Protein chains: 2
Amino acid sequence: MRSFIETDSLSHFPIQNLPYGVFKPSDGEPRIGVAIGEYVLDLSVIEQEGFFKRAGLNEESIFNQFSLNAFMKLGKSTWKLVREEVQRLLDENEPELRDNAALREKALVPIKEVRLLLPAQIGDYTDFYASKEHATNVGTMFRGKENALMPNWTHLPVGYHGRASSVVVSGTDVRRPNGQMKKPDQEFPVYGPSQQLDIELEMGWFIGPGNEQGKPVAMADAEDQIFGLVLVNDWSARDIQAWEYQPLGPFLAKSFATSVSPWVIPLEALEPFRVSGPEQDPEPLDYLKQSGAGSFDIHLEVYLKGSKMEQPQRIISTNFRHLYWSMAQQISHHTVSGCNLRPGDLLASGTISGPEREQRGSFLELTWRGTDPIRLANGEERIWVEDEDEITITGWCQGAGYRIGFGEVTGRILPALVAADTMK
Amino acid sequence: MRSFIETDSLSHFPIQNLPYGVFKPSDGEPRIGVAIGEYVLDLSVIEQEGFFKRAGLNEESIFNQFSLNAFMKLGKSTWKLVREEVQRLLDENEPELRDNAALREKALVPIKEVRLLLPAQIGDYTDFYASKEHATNVGTMFRGKENALMPNWTHLPVGYHGRASSVVVSGTDVRRPNGQMKKPDQEFPVYGPSQQLDIELEMGWFIGPGNEQGKPVAMADAEDQIFGLVLVNDWSARDIQAWEYQPLGPFLAKSFATSVSPWVIPLEALEPFRVSGPEQDPEPLDYLKQSGAGSFDIHLEVYLKGSKMEQPQRIISTNFRHLYWSMAQQISHHTVSGCNLRPGDLLASGTISGPEREQRGSFLELTWRGTDPIRLANGEERIWVEDEDEITITGWCQGAGYRIGFGEVTGRILPALVAADTMK
């Protein structure tokens with residue numbers, strides 16, 4: 001399949017992908033679009049022209065909206081219908097849009113000319129801890145090799161509630177947080193800027209229709225809840241975390257900012273890249289039993305660009321398929337108690353690490369808590385993220401001659417606010 | 001001060017209170033009202049009649065809304081203006097509403113004839129752990145007397161992100177959750193209904209204007225963020241919690257339901273009952289320093305009514321003033337990292353316990369983990385909450401001849417869903 005909008009083999013957004021996003025054109029209100037090559041197809045225009053109605057969509061004004069929530073709510077059959085119509089309109093053999101210069105002019109906008117916004121109004125954000133390598137690395141550093149994994153870890157996807165208000169779209173600068181921390185050798189805690197600022201390479205997925213409170217989502221239905229996937233950088237302040245997290249878990253260490261990529265890749269676009277996740281031993285309880293392949297082969301990379309660097313340098317290279325717990329298992333577990341998910345809720349995987357050093361998804365693991373610095377090509381070293389560092393996560397599925405890309409999520413660190421009068 | 005709508009000395013809603021809520025009349029859409037005695041004053045009518053505009057409110061249509069969020073956002077000076085105008089209209093010496101039968105007919109609805117809804121659209125819900133007695137009791141049971149309080153507890157208000165989607169209004173039935181748990185003497189975890197269902201007596205407060213991401217709220221400004229207070233029952237499944245909570249904190253054990261009372265008591269109504277909280281030792285860091293009295297004398301009670309009981313029986317009697325960390329300290333700490341609060345966000349105190357047995361705010365503490373059952377007047381005992389039990393929390397400030405009441409938050413437990421095919 002090819003589009004009349006040309007894309008080369010490295011493009012993230014060929015006609016096989018068609019991710020959804022919310023964009024603000026230079027001269028109008030935010031609305032919903034689909035990325036195709038270097039362009040955004042404005043779905044509010046396609047909707048207004050009646051294409052979706054003719055294709056069988058009964059709803060009005062789904063795409064002339066500030067967020068994808070209303071579309072997410074409609075569920076899989078509607079997503080399929082819209083995707084097929086968009087794919088048809090962009091096909092190189094379909095003249096309807098290709099040969100209509102006036103419509104092309106109205107509906108296709110260069111991505112460079114728009115501002116990309118947060119794709120959904122996120123009601124709740126949940127962060128899991130689904131990578132066995134990550135949990136083992138962190139556990140080994142904090143509790144030693146013998147007690148690395150907590151006894152519950154291999155029986156359920158451990159997760160916690162994150163902060164929805166501070167989820168920001170790629171490109172938003174991130175202010176280094178101030179907070180309270182106490183080093184092991186200090187008698188009293190101190191207030192000040194975090195000295196151990198870290199990243200977490202994650203992927204997230206937005207919930208579609210959701211479930212009623214009290215009614216769990218069974219494994220067989222769990223993937224129908226996945227509207228699509230994004231890249232996530234779950235910024236973390238390790239020194240704040242170490243002091244605050246017992247016994248109720250991470251709080252301020254992770255709620256100052258979480259960055260997500262703007263384009264939501266439909267689950268359907270990932271189907272050709274479906275693979276089995278790692279073997280699960282012990283076998284999960286019935287309500288978590290995965291039948292069939294539940295993971296995806298998504299290559300993931302992280303780049304760092306410091307203020308003294310000419311070029312970003314790759315520091316991490318890993319794969320989504322390393323995750324021990326599948327997205328379906330995370331969804332089923334999340335709802336087994338009757339907890340309700342709502343359209344636009346964001347679930348994220350937790351840090352995705354693999355078995356090799358370059359596959360570790362956080363500075364904490366890469367530098368083994370500071371003992372083995374990251375060496376940069378210009379001679380600098382990094383133990384933690386420094387002010388002005390720009391961190392970019394990117395990822396894609398590699399097809400035969402094309403890529404299903406996730407674009408990128410990027411964020412630059414601003415120095416902490418100086419609040420001398422509240423220092424102690 | 002008295003209203004022409006008569007209230008006796010035990011009424012929760014005299015003219016000194018004037019709490020806000022969202023109600024649905026039998027013949028109309030949800031809108032905002034104020035409770036006065038046995039009536040709701042429909043603020044959408046008062047607004048439409050131009051009273052607020054004459055009093056100086058510039059905004060239109062703040063009260064013809066499904067939630068209080070827009071009003072919460074406007075901040076303290078607007079809250080004051082509206083409160084003064086409502087208090088004036090309800091005063092026994094003011095004829096404008098008192099003597100206008102047509103307006104009274106339109107604007108005053110018996111509470112019994114309306115349905116009370118969730119007062120706000122809650123973006124994020126944060127739950128603290130601010131009672132020293134509660135943290136000490138729980139810590140003693142789980143880790144022994146010597147290590148009861150974690151080292152961080154006296155230095156910062158420990159808190160965690162809760163689940164916003166499952167917050168429900170008083171009167172909503174609560175389904176006993178299924179989940180995964182493992183008793184200490186079991187080799188493997190099992191799936192099934194929680195056998196250790198508990199309550200947590202808490203109070204919550206809704207955030208007003210909120211703060212920009214990256215800009216903390218200083219202690220001096222923190223109370224300006226408090227729109228008003230409600231009663232909270234943070235239902236908890238202790239067996240699910242014990243198995244899941246390490247290392248990221250409580251997740252499914254508390255996200256199946258959290259019940260709140262429908263009437264939001266303005267902070268201003270509580271001013272006559274302001275008191276100092278417990279002395280804080282060690283002295284908090286500067287960014288958490290409380291100047292002046294930061295607590296309130298609010299009497300709190302919990303009642304249980306089992307299916308075989310004629311009358312509800314009081315099982316807990318305690319006071320908000322026992323809380324170690326003030327609301328202002330919780331807000332300042334929450335934002336010190338730059339985490340943004342938004343209008344309608346809910347912060348809750350965590351379980352409020354006092355030094356005496358009857359002052360313990362959860363079954364876990366009351367029964368000392370099941371070793372000392374609650375004895376009911378009809379001869380029954382309780383270790384945990386049972387199916388069909390109805391739990392009601394109520395509370396008030398006692399003035400001279402009047403009460404500032406919080407109404408109540410009530411919830412009844414429905415039996416767990418039977419899902420035999422997913423049992424193991």
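This is a short walk through a predicted model with chains A and B. Residues are numbered from 1 along each chain as its sequence is written, and chains are lettered from A in the order in which they are written. Because the model is predicted, local features need pLDDT of at least 70 and side-chain atom pairs count only at pLDDT 80 or more, while totals for chains, interfaces and linings use all residues; side-chain values use heavy atoms, with hydrogens and water left out.

Let us begin with how the copies sit together. Turning chain B by 180 degrees, with 0.0 Å of shift along the axis, superposes it on chain A with an RMSD of 0.0 Å (a least-squares fit on the C-alpha atoms of residues with pLDDT of at least 70 in both). The two copies are thus related as by a two-fold rotation axis. Both copies use the same surface, since 100% of the contact residues of chain B recur in chain A. In chain B, the residue closest to the rotation axis is B:Gly249, whose C-alpha lies 2.1 Å from it.

Now look at the interface itself. Chain B gives 67 residues to the contact and chain A gives 67 residues, where contact means heavy atoms within 4.5 Å. About 6,000 Å² is buried between the chains, and carbon and sulfur atoms give 61% of this area (the accessible area, with a 1.4 Å probe, that two parts lose on being put together, summed over both).

The interface of chain B and chain A also holds 4 salt bridges, each a side-chain nitrogen of Lys or Arg within 4 Å of a carboxyl oxygen of Asp or Glu. The side chains of B:Arg163 and A:Asp345 meet in a salt bridge, at 2.7 Å from N to O. Among the elements that give two or more residues to the side of chain B that touches chain A are β6 (125-128), α9 (238-244) and α10 (327-335) of chain B; helices and strands here are DSSP runs (H or I, at least four residues, and E, at least two), numbered from the N terminus.

Salt bridges over all chains come to 69. In chain A, A:Arg54 pairs with A:Glu96, their closest N and O atoms being 3.2 Å apart. A:Arg54 lies in helix α2 (residues 51-55) and A:Glu96 in helix α5 (residues 95-98) of chain A, so the pair ties together parts that are 42 residues apart in sequence.
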